[in-house]
Amino acid sequence: GAGAGAGGIITTNNASPKISGNVIHNGNNIYISGLPENVTDKALEQLFLKYGTVVSTRVIINRNTGAPLGTALVRMETSHQAAVAIGELNGCQLNGVRQVLSCRLAHEKRTAPSSTTNLYISGLPEDVNEGSLKELFAAYGNVVSQKIIINRNTGAPLGTALVRMETNEQANTCISNLHGSKMNGGKFLAVRFAADKGNRNT
């Protein structure tokens, strides 16, 4: 096999696609999970450079422990470049790493007004409390408030909650990291921006 590239990260031998077109700022943010904990921004940049121009990289850190979470955000210059990178890297295994990379478009801020910091969470285990809920979200920013939603008739938790983060960017990071994850063996969590008013049940 070939020697390890930057940080042991380079995995594919495809030639650099020639990409042209206008710079588009919709859909060019990529969320990556399954990264080795020792991944660096430089190694991430090397990994994505072959698919186009890397505008920025950010390895996501657990705010409580300072340890990497094995996840990162990469912004490409265009949505076309991002789509090519996702197509090539999603499902790849990095050198010497067991887990498989998962690459997808990050939730864009256009999904809600940029001031939105309220998150609606469903799929929580019934024994969740506000302390464990806050701890879960505090890894990605400052939790301003949290509220577990209770069935008014029975007093039992509904498995849903509202969490307010300090900034919209922190709220986006929570969605990228926690949507589709499991908490204490519960169902898959669904994390999205809360509707301001008249939240319709589907």
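This text walks through a sheet, the helices that pack on it, one residue in an edge strand, and a few side-chain features. The model is predicted.

The sheet is a good place to start. Four strands make it up, in the order β6-β7-β5-β8, and the sheet is open, with antiparallel pairing. At its edges stand β6, residues 143-150, and β8, residues 190-193. Each of these has a single partner strand, so one side of each is left without a neighbour in the sheet. From one strand to the next, the twist averages 20°. The partner of β6 is β7, which spans residues 157-165. These two strands run antiparallel and are joined by seven bridges.

Two helices contact this sheet. Helix α3, residues 130-138, lies across β5 (118-122), β6, β7 and β8, and it runs at about 135° to β6. Helix α4, residues 168-178, also packs on the sheet, where it touches β5, β7 and β8. The direction of α4 makes about 155° with that of β8.

Q146 shows how these elements meet at the level of a single residue. Q146 belongs to strand β6, and opposite it in β7 stands V163. Is Q146 buried or exposed? Its relative accessibility is 19%, and the cut-off for buried is under 20%, so Q146 counts as buried. Apart from neighbours within four places in sequence, Q146 is in contact with E130, L133, K134, L162 and V163. Of these contacts, V163 is the residue that faces Q146 across the strand pair.

The cysteines come next. How many disulfides does a search of the whole structure find? The result is zero. For C103, the reason is distance: the closest cysteine sulfur, in C92, is 7.8 Å from the sulfur of C103, which is too far for a bond. A disulfide would need the two sulfur atoms within 2.5 Å. C103 counts as buried, at 4% relative accessibility. C174 is buried as well, with a relative accessible area of 0%.

Last come the aromatic rings. Searching the whole structure for aromatic pairs also gives zero. A ring does take part in another kind of arrangement, however: the charged end of K182 sits over the ring of F188, at 4.8 Å from the ring centre.

Notes: Residues are numbered from 1 along each chain as its sequence is written. This is a predicted model: local features need pLDDT of at least 70, side-chain atom pairs count only at pLDDT 80 or more; totals for chains, interfaces and linings use all residues. Side-chain values use heavy atoms; hydrogens and water are left out. Buried means under 20% relative accessible area, exposed over 50%, partly exposed in between (1.4 Å probe, protein chains only). Two strands pair if DSSP finds at least two bridges between them. Axes are lines fitted to C-alpha atoms, for helices over the stretch in contact, and angles run from 0 to 180 degrees between N-to-C directions. Contact means heavy atoms within 4.5 Å. Rings of Phe, Tyr and Trp (its six-membered ring) pair if their centres lie within 6.5 Å; planes under 30 degrees apart count as stacked, over 60 as edge-to-face and the rest as tilted. A charge sits over a ring if NZ of Lys or CZ of Arg is within 6 Å of the ring centre and within 35 degrees of the ring normal.
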